[in-house]
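Please examine the structure shown below and consider how its strands, helices and cores are arranged. A series of questions and reasoned answers accompanies it.

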Amino acid sequence: MPRPLIYAANWKMNHGPDAAREFIERFLAVTAPAPDRSLWFFPPSISLAPVSRAVGSRPDILIGAQNVHWEPKGAFTGETSAPMAQEAGARVVLIGHSERRHLFGETDDQVARKAVTTLRAGLVPLVCLGETLAEREGGRTEQVIVRQLEPVLDKVPAADWARLVVAYEPVWAIGTGRNASPDDAAQVHELIRFAVGRRGISGRVPVLYGGSVNAGNVLALLARPELDGVLVGGASLDPDGWAELVGLGMAP
Ligand code: PEP
(Lines give C-alpha, C1' and ligand atoms only; values in the text may rest on other atoms or scores of the structure.)
Protein backbone atom coordinates (compact mmCIF):
# COMPACT_ATOMS: atom_id res chain seq x y z
CA MET A 1 0.00 0.00 0.00
CA PRO A 2 1.64 3.34 -0.98
CA ARG A 3 1.98 5.94 1.80
CA PRO A 4 -0.54 8.81 1.65
CA LEU A 5 0.85 11.86 -0.13
CA ILE A 6 -0.17 15.50 0.15
CA TYR A 7 0.11 17.78 -2.87
CA ALA A 8 -0.32 21.38 -1.70
CA ALA A 9 -0.75 24.28 -4.14
CA ASN A 10 0.27 27.71 -2.87
CA TRP A 11 -1.13 30.23 -5.33
CA LYS A 12 0.40 33.21 -3.48
CA MET A 13 -1.08 36.48 -4.84
CA ASN A 14 -2.52 34.87 -7.97
CA HIS A 15 -6.07 33.91 -9.02
CA GLY A 16 -8.79 36.29 -7.81
CA PRO A 17 -12.32 34.93 -7.25
CA ASP A 18 -13.25 34.42 -10.92
CA ALA A 19 -9.92 32.99 -12.05
CA ALA A 20 -9.80 30.73 -8.99
CA ARG A 21 -13.29 29.35 -9.65
CA GLU A 22 -12.41 28.73 -13.32
CA PHE A 23 -9.20 26.97 -12.26
CA ILE A 24 -11.10 24.61 -9.95
CA GLU A 25 -13.78 23.88 -12.53
CA ARG A 26 -11.12 22.90 -15.05
CA PHE A 27 -9.09 20.94 -12.50
CA LEU A 28 -12.13 18.94 -11.38
CA ALA A 29 -12.96 18.17 -15.00
CA VAL A 30 -9.54 16.65 -15.68
CA THR A 31 -8.89 14.80 -12.40
CA ALA A 32 -10.61 12.18 -10.27
CA PRO A 33 -10.08 11.43 -6.58
CA ALA A 34 -7.27 8.93 -6.02
CA PRO A 35 -6.75 6.85 -2.90
CA ASP A 36 -3.78 7.92 -0.75
CA ARG A 37 -3.56 11.33 -2.39
CA SER A 38 -4.76 14.50 -0.74
CA LEU A 39 -4.87 17.79 -2.66
CA TRP A 40 -4.61 21.05 -0.73
CA PHE A 41 -5.27 24.43 -2.36
CA PHE A 42 -4.16 27.72 -0.84
CA PRO A 43 -5.86 30.52 -2.79
CA PRO A 44 -5.64 34.20 -1.77
CA SER A 45 -8.08 34.86 1.10
CA ILE A 46 -10.50 36.73 -1.18
CA SER A 47 -10.85 33.56 -3.27
CA LEU A 48 -11.33 31.11 -0.38
CA ALA A 49 -15.14 31.07 -0.46
CA PRO A 50 -15.49 30.79 -4.27
CA VAL A 51 -12.90 28.00 -4.36
CA SER A 52 -14.60 26.18 -1.54
CA ARG A 53 -17.96 26.40 -3.30
CA ALA A 54 -16.45 25.25 -6.60
CA VAL A 55 -14.76 22.23 -4.97
CA GLY A 56 -18.08 21.13 -3.49
CA SER A 57 -17.92 17.70 -1.92
CA ARG A 58 -14.86 16.34 -3.68
CA PRO A 59 -13.43 14.21 -0.85
CA ASP A 60 -9.75 14.40 -1.82
CA ILE A 61 -9.52 18.22 -1.76
CA LEU A 62 -8.96 20.55 1.18
CA ILE A 63 -8.89 24.33 1.00
CA GLY A 64 -6.42 26.39 3.01
CA ALA A 65 -5.67 30.00 3.88
CA GLN A 66 -2.21 31.38 3.10
CA ASN A 67 -2.01 33.30 6.36
CA VAL A 68 -4.08 34.27 9.41
CA HIS A 69 -3.68 36.73 12.26
CA TRP A 70 -2.95 35.30 15.72
CA GLU A 71 -6.03 36.97 17.22
CA PRO A 72 -9.50 35.66 16.40
CA LYS A 73 -10.89 39.17 15.78
CA GLY A 74 -10.24 42.83 16.46
CA ALA A 75 -8.73 46.06 15.17
CA PHE A 76 -6.22 44.60 12.71
CA THR A 77 -6.95 46.30 9.40
CA GLY A 78 -6.27 44.14 6.39
CA GLU A 79 -5.95 40.89 8.31
CA THR A 80 -7.95 37.66 8.20
CA SER A 81 -8.56 35.53 11.28
CA ALA A 82 -8.55 31.75 11.53
CA PRO A 83 -12.28 31.58 12.40
CA MET A 84 -13.05 33.75 9.34
CA ALA A 85 -10.96 31.51 7.10
CA GLN A 86 -12.77 28.51 8.57
CA GLU A 87 -16.13 30.13 7.81
CA ALA A 88 -15.00 30.69 4.20
CA GLY A 89 -14.23 26.99 3.80
CA ALA A 90 -10.61 26.64 4.91
CA ARG A 91 -9.55 23.47 6.71
CA VAL A 92 -5.81 24.17 6.68
CA VAL A 93 -3.64 27.27 7.15
CA LEU A 94 -0.17 27.95 5.78
CA ILE A 95 1.82 29.34 8.68
CA GLY A 96 5.17 31.12 8.48
CA HIS A 97 5.74 30.81 4.74
CA SER A 98 9.17 32.27 3.96
CA GLU A 99 7.59 35.17 2.07
CA ARG A 100 5.67 36.05 5.24
CA ARG A 101 8.82 35.76 7.32
CA HIS A 102 11.19 37.58 4.98
CA LEU A 103 8.98 40.11 3.15
CA PHE A 104 6.59 40.91 6.01
CA GLY A 105 8.88 40.44 8.98
CA GLU A 106 6.98 37.62 10.67
CA THR A 107 8.88 36.41 13.71
CA ASP A 108 9.25 32.86 15.05
CA ASP A 109 7.05 33.89 17.97
CA GLN A 110 4.29 35.23 15.71
CA VAL A 111 4.44 32.05 13.66
CA ALA A 112 3.96 30.00 16.83
CA ARG A 113 0.99 32.15 17.93
CA LYS A 114 -0.58 31.71 14.51
CA ALA A 115 -0.23 27.95 14.80
CA VAL A 116 -2.03 28.06 18.15
CA THR A 117 -4.92 30.22 16.90
CA THR A 118 -5.26 28.00 13.84
CA LEU A 119 -5.64 24.89 15.98
CA ARG A 120 -8.12 26.67 18.27
CA ALA A 121 -10.28 27.37 15.21
CA GLY A 122 -10.25 23.66 14.42
CA LEU A 123 -7.93 24.02 11.43
CA VAL A 124 -4.68 22.23 10.58
CA PRO A 125 -1.54 24.40 10.63
CA LEU A 126 0.95 23.71 7.85
CA VAL A 127 4.04 25.26 9.44
CA CYS A 128 6.80 26.27 7.01
CA LEU A 129 10.46 26.12 8.02
CA GLY A 130 13.54 26.82 5.96
CA GLU A 131 17.01 28.30 5.90
CA THR A 132 18.42 30.99 3.61
CA LEU A 133 21.32 30.30 1.28
CA ALA A 134 23.74 32.13 3.57
CA GLU A 135 22.54 30.02 6.51
CA ARG A 136 22.97 26.79 4.54
CA GLU A 137 26.39 27.78 3.27
CA GLY A 138 27.35 28.80 6.78
CA GLY A 139 26.46 25.30 8.06
CA ARG A 140 23.56 26.65 10.10
CA THR A 141 20.64 24.76 8.52
CA GLU A 142 19.98 22.56 11.55
CA GLN A 143 20.24 25.46 13.97
CA VAL A 144 17.77 27.56 11.95
CA ILE A 145 15.24 24.76 11.52
CA VAL A 146 15.29 23.98 15.24
CA ARG A 147 15.08 27.69 16.13
CA GLN A 148 11.99 28.05 13.93
CA LEU A 149 10.36 24.85 15.16
CA GLU A 150 10.90 25.09 18.91
CA PRO A 151 8.60 28.09 19.59
CA VAL A 152 5.78 26.25 17.80
CA LEU A 153 6.29 23.16 19.97
CA ASP A 154 6.52 25.37 23.06
CA LYS A 155 3.25 27.17 22.40
CA VAL A 156 1.08 24.46 20.85
CA PRO A 157 -0.50 22.31 23.59
CA ALA A 158 0.83 18.75 23.62
CA ALA A 159 -2.68 17.44 22.94
CA ASP A 160 -2.57 19.19 19.54
CA TRP A 161 0.91 18.11 18.44
CA ALA A 162 -0.50 15.21 16.45
CA ARG A 163 -2.40 17.67 14.25
CA LEU A 164 0.69 19.61 13.12
CA VAL A 165 1.92 19.35 9.56
CA VAL A 166 5.32 20.80 8.61
CA ALA A 167 6.77 21.96 5.30
CA TYR A 168 10.50 22.16 4.78
CA GLU A 169 11.00 24.99 2.31
CA PRO A 170 14.57 26.17 1.91
CA VAL A 171 14.36 29.89 1.11
CA TRP A 172 16.99 29.56 -1.63
CA ALA A 173 14.79 27.03 -3.45
CA ILE A 174 11.51 28.97 -3.47
CA GLY A 175 10.71 30.40 -6.87
CA THR A 176 14.33 30.10 -7.99
CA GLY A 177 14.18 26.99 -10.19
CA ARG A 178 16.78 25.40 -7.90
CA ASN A 179 15.30 22.61 -5.79
CA ALA A 180 16.94 20.84 -2.88
CA SER A 181 18.29 17.45 -3.87
CA PRO A 182 16.20 14.51 -2.65
CA ASP A 183 19.05 13.62 -0.25
CA ASP A 184 19.27 17.14 1.20
CA ALA A 185 15.51 17.37 1.60
CA ALA A 186 15.33 13.91 3.21
CA GLN A 187 18.07 14.84 5.68
CA VAL A 188 16.22 17.93 6.90
CA HIS A 189 12.93 16.03 7.08
CA GLU A 190 14.61 13.53 9.38
CA LEU A 191 16.01 16.37 11.46
CA ILE A 192 12.50 17.82 11.83
CA ARG A 193 11.13 14.44 12.93
CA PHE A 194 14.02 14.03 15.34
CA ALA A 195 13.35 17.47 16.89
CA VAL A 196 9.65 16.63 17.23
CA GLY A 197 10.37 13.14 18.58
CA ARG A 198 12.73 14.59 21.20
CA ARG A 199 9.70 16.31 22.73
CA GLY A 200 8.06 12.94 23.17
CA ILE A 201 5.60 13.44 20.35
CA SER A 202 4.63 10.01 19.18
CA GLY A 203 3.59 9.15 15.65
CA ARG A 204 4.90 10.49 12.41
CA VAL A 205 4.53 14.22 11.82
CA PRO A 206 3.83 14.69 8.10
CA VAL A 207 6.59 16.75 6.47
CA LEU A 208 6.20 18.17 2.97
CA TYR A 209 9.02 19.52 0.81
CA GLY A 210 8.64 22.83 -1.03
CA GLY A 211 10.94 24.80 -3.33
CA SER A 212 10.89 24.73 -7.13
CA VAL A 213 9.03 21.43 -7.33
CA ASN A 214 7.83 20.70 -10.86
CA ALA A 215 6.71 17.81 -13.05
CA GLY A 216 10.35 17.06 -13.88
CA ASN A 217 11.62 16.61 -10.32
CA VAL A 218 8.60 15.59 -8.23
CA LEU A 219 9.03 11.84 -8.70
CA ALA A 220 12.68 11.87 -7.65
CA LEU A 221 11.78 13.87 -4.54
CA LEU A 222 8.80 11.71 -3.59
CA ALA A 223 10.87 8.57 -4.14
CA ARG A 224 12.38 9.41 -0.74
CA PRO A 225 10.19 7.92 2.00
CA GLU A 226 11.08 10.82 4.32
CA LEU A 227 8.84 13.10 2.20
CA ASP A 228 5.09 12.99 2.78
CA GLY A 229 4.23 15.31 -0.07
CA VAL A 230 5.10 18.59 -1.73
CA LEU A 231 4.18 22.25 -1.38
CA VAL A 232 4.26 23.92 -4.77
CA GLY A 233 4.01 27.54 -5.90
CA GLY A 234 4.80 28.31 -9.55
CA ALA A 235 4.01 24.85 -10.92
CA SER A 236 0.53 24.89 -9.33
CA LEU A 237 -0.79 27.94 -11.14
CA ASP A 238 -2.11 26.26 -14.27
CA PRO A 239 -4.91 23.69 -13.84
CA ASP A 240 -3.69 21.32 -16.55
CA GLY A 241 -0.07 21.49 -15.43
CA TRP A 242 -1.05 20.94 -11.81
CA ALA A 243 -3.34 18.05 -12.76
CA GLU A 244 -0.44 16.48 -14.63
CA LEU A 245 1.95 16.92 -11.71
CA VAL A 246 -0.40 15.43 -9.12
CA GLY A 247 -1.16 12.56 -11.48
CA LEU A 248 2.46 11.51 -11.90
CA GLY A 249 3.24 8.31 -10.12
CA MET A 250 -0.41 7.40 -9.65
CA ALA A 251 -1.46 4.01 -10.93
CA PRO A 252 -3.18 4.39 -14.34
C1 PEP B 1 6.05 28.10 -2.28
O2 PEP B 1 5.54 29.16 -2.56
O3 PEP B 1 5.80 27.58 -1.19
C4 PEP B 1 6.94 27.48 -3.24
C5 PEP B 1 7.54 26.37 -2.91
O6 PEP B 1 7.10 28.10 -4.45
P7 PEP B 1 7.80 27.48 -5.78
O8 PEP B 1 7.22 26.11 -5.98
O9 PEP B 1 7.42 28.42 -6.87
O10 PEP B 1 9.26 27.43 -5.50
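The questions below concern a predicted model and proceed from strands to cores, helices and single residues.

Q: How many of the residues of strand β1 (residues 5-10) are buried?
A: Both faces of β1 are covered. Leu5, Tyr7 and Ala9 are buried on one side, and Ile6, Ala8 and Asn10 are buried on the other. Strand β1 is therefore largely enclosed by the rest of the structure, the buried count being six of the six.

Q: Which residue of β2 is the bridge partner of Ala8?
A: Strand β1 runs parallel to strand β2 (residues 37-42), and six bridges join them. The two strands also belong to a right-handed β-α-β unit, together with helix α1 (residues 17-30). Within β2, the bridge partner of Ala8 is Trp40.

Q: Which residue of β8 stands opposite Tyr7?
A: β1 also pairs with strand β8 (residues 229-232), in the parallel sense and over four bridges. Opposite Tyr7 in β8 stands Val230.

Q: Which element gives the largest share of the largest nonpolar core?
A: The largest nonpolar core has 65 residues. Those with the most contacts inside it are Tyr7, Phe27, Phe41, Ile192, Tyr209 and Trp242. The largest share of this core, six residues, comes from α8.

Q: How many residues does the other core hold, the one with Leu126 and Cys128 among them?
A: Another core lies apart from the largest nonpolar core. Its members include Leu126, Cys128, Val165 and Ala167. The number of residues in this other core is twelve.

Q: What distance separates the end C-alpha atoms of helix α5 (residues 108-120)?
A: Helix α5 has 13 residues, and at 1.5 Å a residue it should span 18 Å. The span in the model agrees with this expectation, since the end C-alpha atoms are apart by 19 Å.

Q: Which residue with a positive phi follows α5?
A: Buried residues of α5 include Val111, Ala112, Lys114 and Leu119. What covers the buried residues includes α3, β4 (92-95), α4 (98-103), β5 (124-129) and α7 (141-155). After the helix comes a residue whose phi is positive, near 85°, namely Gly122.

Q: Which residue shares a side-chain polar contact of 2.8 Å with Asn67?
A: Asn67 is found in the loop between β3 (61-65) and α3 (82-87). With a relative accessible area of 16%, Asn67 falls under the 20% limit and is therefore buried. Beyond its neighbours within four places in sequence, Asn67 is in contact with Glu79, Val93, Leu94, Arg100, Glu106 and Lys114. The side-chain polar contact of 2.8 Å joins Asn67 to Lys114.

Q: How far apart in space are Ala186 and Leu221, C-alpha to C-alpha?
A: Ala186 is found in helix α8 (residues 182-198) and is buried, with a relative accessible area of 2%. Leaving aside neighbours within four places in sequence, Ala186 is in contact with Arg224, Glu226 and Leu227. Although Ala186 and Leu221 are 35 residues apart in sequence, their C-alpha separation in space is 8.5 Å.

Q: Is Thr141 buried or exposed?
A: Thr141 has its place in helix α7. Not counting residues up to four places away in sequence, Thr141 touches Glu131, Glu135, Arg136, Tyr168 and Val188. Because its relative accessible area is 11%, which is under 20%, Thr141 is buried.

Conventions. Residues are numbered from 1 along each chain as its sequence is written. This is a predicted model: local features need pLDDT of at least 70, side-chain atom pairs count only at pLDDT 80 or more; totals for chains, interfaces and linings use all residues. Side-chain values use heavy atoms; hydrogens and water are left out. Buried means under 20% relative accessible area, exposed over 50%, partly exposed in between (1.4 Å probe, protein chains only). Contact means heavy atoms within 4.5 Å. A polar contact is a pair of N or O atoms within 3.5 Å; within protein, one must be able to donate a hydrogen and the other to accept it, and residues adjacent in sequence count only if both atoms are side-chain atoms. The expected span of a helix is 1.5 Å times one less than its number of residues. Two strands pair if DSSP finds at least two bridges between them. A crossover is right-handed if, with the strands pointing away from the viewer, the path from the first strand over the helix to the second runs clockwise. A nonpolar core is a set of buried Ala, Val, Leu, Ile, Met, Phe, Trp, Tyr and Cys residues joined through side-chain atoms within 4.5 Å.
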